[in-house]
Amino acid sequence: MKITIAKTAGFCMGVRRAVDMVLDAANTETGTICTFGPLIHNPQVLAMLKEKGIPYITRIPDKAQGTVLIRAHGVPPQSRKALEDAGFHVIDATCPRVTRVQSIIEKHAKKGFHTIIIGDHDHPEVKGLMGYARERAHTVSSMDDLAALPIFARAVVVAQTTQDTLFYKKIKSWASENCPQYKIFDTICDSTEKRQAEVRKIAGENDAVIVVGGRESGNTRRLAEIAHETAEYSLHIEDPAEIEDHHIKALSQADSIAVTAGASTPNWIINRTFRTLEDNLLTKSSNPFTLPARKIRDFLLKTNLLLAFGAASLTYTCSRLQNIENIFIHSIIAMLYILSMQIMNNLFAIPSDRYNNPGRALFYGRHKVWLALTAIASGAAGIYLSFSTSILSFVIIVIMSLLGLLYNQKLFKATFRGRKISRIKDIPGSKTVLIALAWGTVSSLLPLLSTWGPESLSLAFAVSFTFTTAILFARTAFFALMDIQGDRISGKETLPILLGEKKSERLISRTLLFAALLMATAPFFNIVPYGTIFMAFIPLSMLYVVKAHEKRKIYSGMNLEFIMESQFLISGLIALVFL
Ligand code: SF4
C-alpha cells in the first residue's frame, strides 16, 4: 500500500502570515492580545492560542484596551473603525489577496457599481467584502441566485477567494453571455485553485482520499466535497483521532491513499494523520517480520538508543580519522552522554511534542520516571568514564552536562528583536548550534584530549570536528524545519523560525554539500586516510533525504526519522571497512 501527501496540503500564505503576526505580537506587544473572530477555522490551533493567552472575541466592546488582530479573512471597514474607537490597538492580518478584492469593490462602489460576490453569505470574508460595497452588495451561492438578480446597468463580479473554481467558471460564462456590461474579476486565490486541481487529480490516481481540516473551514469543506464527488472513497476528518476501526477496514482495501488538507490545517496534524495511517495500515503487512521490525524501530527511536549507538559509531569514525587508540572507551562515553542529553531534551520537549510528535510525547509522559533515571544514570556513567581518560575531558563533559541541564532554566534578562530572552533555550537557533558542537566535542575533541601532547592538535582533528558538527547541524536543523509550525506556536526559538523555511533549506543543503566536499578532498592533502572519501556518502545520503522530503517523496514519520538517525551508525561501518 502507498500513502502520499498532496503537495498543496497545509497552511496557505495568508494563514501562515496571520499566525506569524499574532505570535509575533504576543512576544512584542505589552498588554492583552486577542483576535477578532477565530484566527483560522481550526479547533486545534484555536485551543493552542487560547492556552497561550490569545483568545478571540466575536463582539466589539464599547471600551477596550490591548491589541486586537484582524484575521486573514478581513473585516468590513466599519468593524475596523469600531475596534479602533473602542480603544484597541489594531493589527491588520488581512491576507493581501483578500485586500485586493476589497480594493476592487471599494473602487467600483465609489463609482456607483453594484457588487456581485460569488460566495457563502455567512462566510466572514464575504461579510468583510460586503462592507466595501456601499450597500450595493449581492451575494450569490448558486446559478439560481444569479439568475434571480435584477440586471444592473453597472456591476462588478468577484468571487470569495476560496470559491470552487469550476462553479465560478460557470458563473463567468453566464454573466458574459447575459450581462456583457458586467466587469468580471478573477479573484479566486491561486492557492485555492491549485489545491482544488490537485484534489481532483489525486482522486483519479488513488483509491481513497482523506481530507484533513476544520469542518468550519470553507476551503476544507470544498476540498471534501470535490473528493466526495470524484474519489472512489473519501473521508473528511478534523483530527486523526477521528479515524475509526470501520474507516481502517475500508481503507485497508485500498492500494493507494492520498492525504490532502485545507489552507488552515497545520502541518503537525497532517503529519499525525500520516503516522496514524502508517501505524494502522502499513503494519498489516503479510510479511511476518514487518511488525516486529517496526516495533524495534520505534523503540530504538523513542528511547534514543539509535542516536546513542550512532554517537558511539561516529566517535569510532572520528577516532579512526585522527588515528587515536583506545577507541572503545571514547565511543562508550559519547554514547552515554548523548543518551542522557537526548532523553533530557525530549522530557523538556513534551509540551511542543504534543503537537509535533504526539507518539513521543505520550511515551515520555508515561515513562517519565524511568527515562529520567536512565538519563541521570547514563550521564553520571559518562562523566565517571571521562574522568578515567583525562581530567580535561572530565571538566569539559561536566561543563557540557551543566549547560544541558541549565538550557531550560531562567538565567538572565535580555531582549532580541523585541523578544524577551531569559534562558539559553530562548536564544534563536541555540539548540541547533549547541547540539552540533556537543557532538563535535564528544566525538572528536574528547578522544583527542586523552592523547594530549603538542603534536595532538592536528588538521585531522579539524576535519573530524568540522565534519561531525556540520552533519549534526544539518540533521538538527532539518528536524526543526519539519516541526516549524508546532514549535512556533509552542514558543520554541529554532533556527528555521529565525531564518525562515527557504533560507533554512538552503543552509541545510549547503552544509551537507560542504561536509561531503570536505571528506572527498581532505585525503588528497594527506590530512586523513584515503578511505575517508567514502565518508562523503553520509552527508550526500542525508542531502538526498532532505531533498526527497522537500519534494514530498518522503514524509515526516518514523521511517524518515529512522533513515536520518541511522546515518551515524553507517558512518561507523564505513570506517570499519575503509579506514
Ligand atoms: S486561501 Fe488565499 S486568499 Fe485565502 S488566506 Fe489563503 S492565501 Fe489568502
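How many helices and strands does the protein have? I looked this up before anything else, and in this predicted model I found 25 helices and 14 strands.

I then turned to the overall dimensions, and noted that the C-alpha atoms fill a box of roughly 90 × 55 × 50 Å when taken along the principal axes. Of the 579 residues in the protein, 56% are buried.

My next entry concerns the ligand. I looked up what surrounds the ligand and listed C12, G14, C95, R97, T161, T162, C189 and T192. Sorting the residues of this shell by character, I get three nonpolar, four polar and one charged. I also checked the space taken by the ligand, which is the second largest cavity.

After that I went to strand β2, residues 33-36, and asked which of its residues lie on each face. I33 and T35 are on one side, C34 and F36 are on the other, and all of these are buried, so that I record both faces of β2 as covered. In a regular strand the side chains alternate between the two faces of the sheet.

I followed the partners of β2 next. Strand β4, residues 67-70, runs parallel to β2 and is joined to it by four bridges, with T35 standing opposite L69. Strand β3, residues 56-57, also runs parallel to β2, and here I found two bridges, with T35 standing opposite Y56. Tracing the chain from β2 to β3, I passed through helix α2, residues 43-51, and noted this β-α-β crossover as right-handed.

Definitions and conventions: Residues numbered from 1 in each chain as written. Predicted model: local features only at pLDDT ≥ 70, side-chain atom pairs only at ≥ 80, totals over all residues. Heavy atoms only, no water. Near = heavy atom within 4 Å. 1 Å grid on protein atoms, 1.4 Å probe; cavity = no way out; pocket = protein on both sides within 12 Å on 5 of 7 lines; lining within 4 Å. Sits in = over half its atoms within 2 Å of the grid points. Nonpolar A, V, L, I, M, F, W, Y, C, P; charged D, E, K, R; others polar. Buried < 20%, exposed > 50% of the residue type's maximum accessible area, 1.4 Å probe, protein only. Pairing = 2+ DSSP bridges. Right-handed = clockwise from strand over helix to strand, strands pointing away.
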